[in-house]
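Colleague: Could you pull up the model so we can go through it together? I have some questions about packing and empty space.

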Amino acid sequence: MNPTTLSMLSREPHVITAGTALLGEALDQQAVARTDVDWRPPVPGTAAALAAALADPRRERANATAVGRMVSARPRLVGVRPAREVLGLEPGTFLHAGPPISWERASGPMRGALIGAMLFEGLASSPEDAEERLAAGSGITLDSCHHHRTVGPMAGVVSPSMWMLEVADAEHGGAAYCSLNEGLGKVLRYGAYGPEVVERLRWMGDVLGPALQAALALSGPLDLRALIAQALQMGDELHNRNRAATSLMVRELAPAVVEAAPGHAAEVLRFINGNDHFFLNAGMAAAKVSADAARDVPGSSLVVAMARNGTDFGIQVSGLGDRWFTGPAEVPDGLYLGAYGPGDANPDIGDSTITETTGLGGFAMAAAPAIVRFVGGDVADAVAATTSMYEITLAEHPAYQIPGLGFRGTPVGIDVTLVARTGTLPVVNTGIAGRVAGTGQVGAGLVSPPMEAFTAALAALTDA
């Protein structure tokens, strides 16, 4: 008998257990000391690609560089301007949420939002006329918001006359854009296009946008990083709960709005105050500019975009350029408004998953226990959702901290290799749009991305 075996037999055993809990429970009943390892096999079919990606000598340094840029970004709201100015959109050009999609494959809420945008821009005389023109495609260009440094909630449709929030990164020099938030219910982003929707958009272009533009010119840039960090301390997660962030934003801007736009100050502040989600769009642009800072690092497996168009769920990866890796969007599991139910729901839609991409939203639900009243579940579920995300991320955000977890930084920097290695998918909380064009919002809940988007990106990394 060799010395190692003799040494093992001369002391009490200590067992390492993994996988099925039955063995561990049997050892516990016998008072055997053990260490449990939460081991799971990788996603089936990914072993070879996973081994190749993990063996890439660039990966560790590349990921450190990419996630370092993401968490060090300093987004600031610097302006509000029409899309035709900041994005150079021509008449007939419409941006939308998620990966690129054609009219033929567009979902109900995407079609409804495009119809509404056509009416808003004066390119159609009726919803039927708009639908015919969009189907024909003549003089119409559709493209992904992400291709233009832009993000849009839900359908995410942006047209030339819409006013955009302009967010600049004071650390890395990038910029990102998002439209103004319309509120909840029957709004364009949920696919509604009735007269009240178009009238509201026109008021936003004639009054709200110019008033905010004048106020920012007077007050100077708004530090969104600091505001988001404070809102997390006050119970927001910055995707489906933005009540604290909106209140903080109003407090910062109100004096300048009163001074710069006295004739419209009351109606502007009343509109913002009546819309708890007004900050969402600024937060999305802040997340977009932070994620874009991490792009194009060769060898990096960091996810820099997650987005849905109501048909496909797509991701982009730092080391793989602008390529989209997609799978079918799923219907969220959640709570429904009024008489609506799962049969009324459209599959997941929107660019707002840029918040989860940068450590907010579903990744920060432990900071927002009240969110469960909006998306379902209980407080323990919210905490479990956040803690599980540390398994698939590369860092903890130095500024975005969760009081209930001892001020631990939010999990940030999704790594496709960790997703494949653990089989754990990102947690996303989201609004739910009605599947029929013109319906509007029908609920809110949780949804998981398709695993095939991550495994396809992992396979591509081995060729990069």
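Modeller: Buried here means under 20% relative accessible area, exposed over 50%, and partly exposed in between, with a 1.4 Å probe and protein chains only. Strands (E, at least two residues) and helices (H or I, at least four) are DSSP runs numbered from the N terminus. The model is predicted, so local features need pLDDT of at least 70 and side-chain atom pairs count only at pLDDT 80 or more, while totals for chains, interfaces and linings use all residues. Residues are numbered from 1 along each chain as its sequence is written, and side-chain values use heavy atoms, leaving out hydrogens and water.

Colleague: Why is strand β8 largely enclosed by the rest of the structure?

Modeller: Look at both faces of β8: A175, Y177 and S179 point one way, A176 and C178 the other, and all are buried. Strand β8 covers residues 175-179, and it is largely enclosed because the buried ones number five of the five.

Colleague: Which strand pairs with β8 in the antiparallel sense?

Modeller: Pairing takes at least two DSSP bridges between two strands. Strand β6 (residues 150-151) has two bridges to β8, but those two run parallel, with T150 opposite Y177. In the antiparallel pair, A168 stands opposite A175, and five bridges link β8 to residues 163-169, which form strand β7.

Colleague: In the hairpin of β7 and β8, which residue takes a positive phi?

Modeller: There are five residues between the two strands. The one with a positive phi, near 90°, is G173.

Colleague: How many residues line the largest cavity?

Modeller: A cavity is a set of points, on a 1 Å grid over the protein atoms alone, where a 1.4 Å probe fits but cannot get out; lining residues have an atom within 4 Å of a point. Grid points are joined across faces, edges and corners, and a volume is the space filled by probe spheres set on the points. The largest cavity has about 180 Å³. Closest to its centre are M162, S179, L180, E182 and L201, and the full lining numbers 17.

Colleague: Which helix gives the most to the lining of the largest cavity?

Modeller: The top contribution is three residues. They come from residues 195-219, helix α8.

Colleague: What volume does the second largest cavity have?

Modeller: This one is lined by 14 residues, with M154, Y190, N240, L280 and G431 nearest its centre. Its space comes to about 110 Å³.

How values were computed. 1 Å grid on protein atoms, 1.4 Å probe; cavity = no way out; pocket = protein on both sides within 12 Å on 5 of 7 lines; lining within 4 Å.
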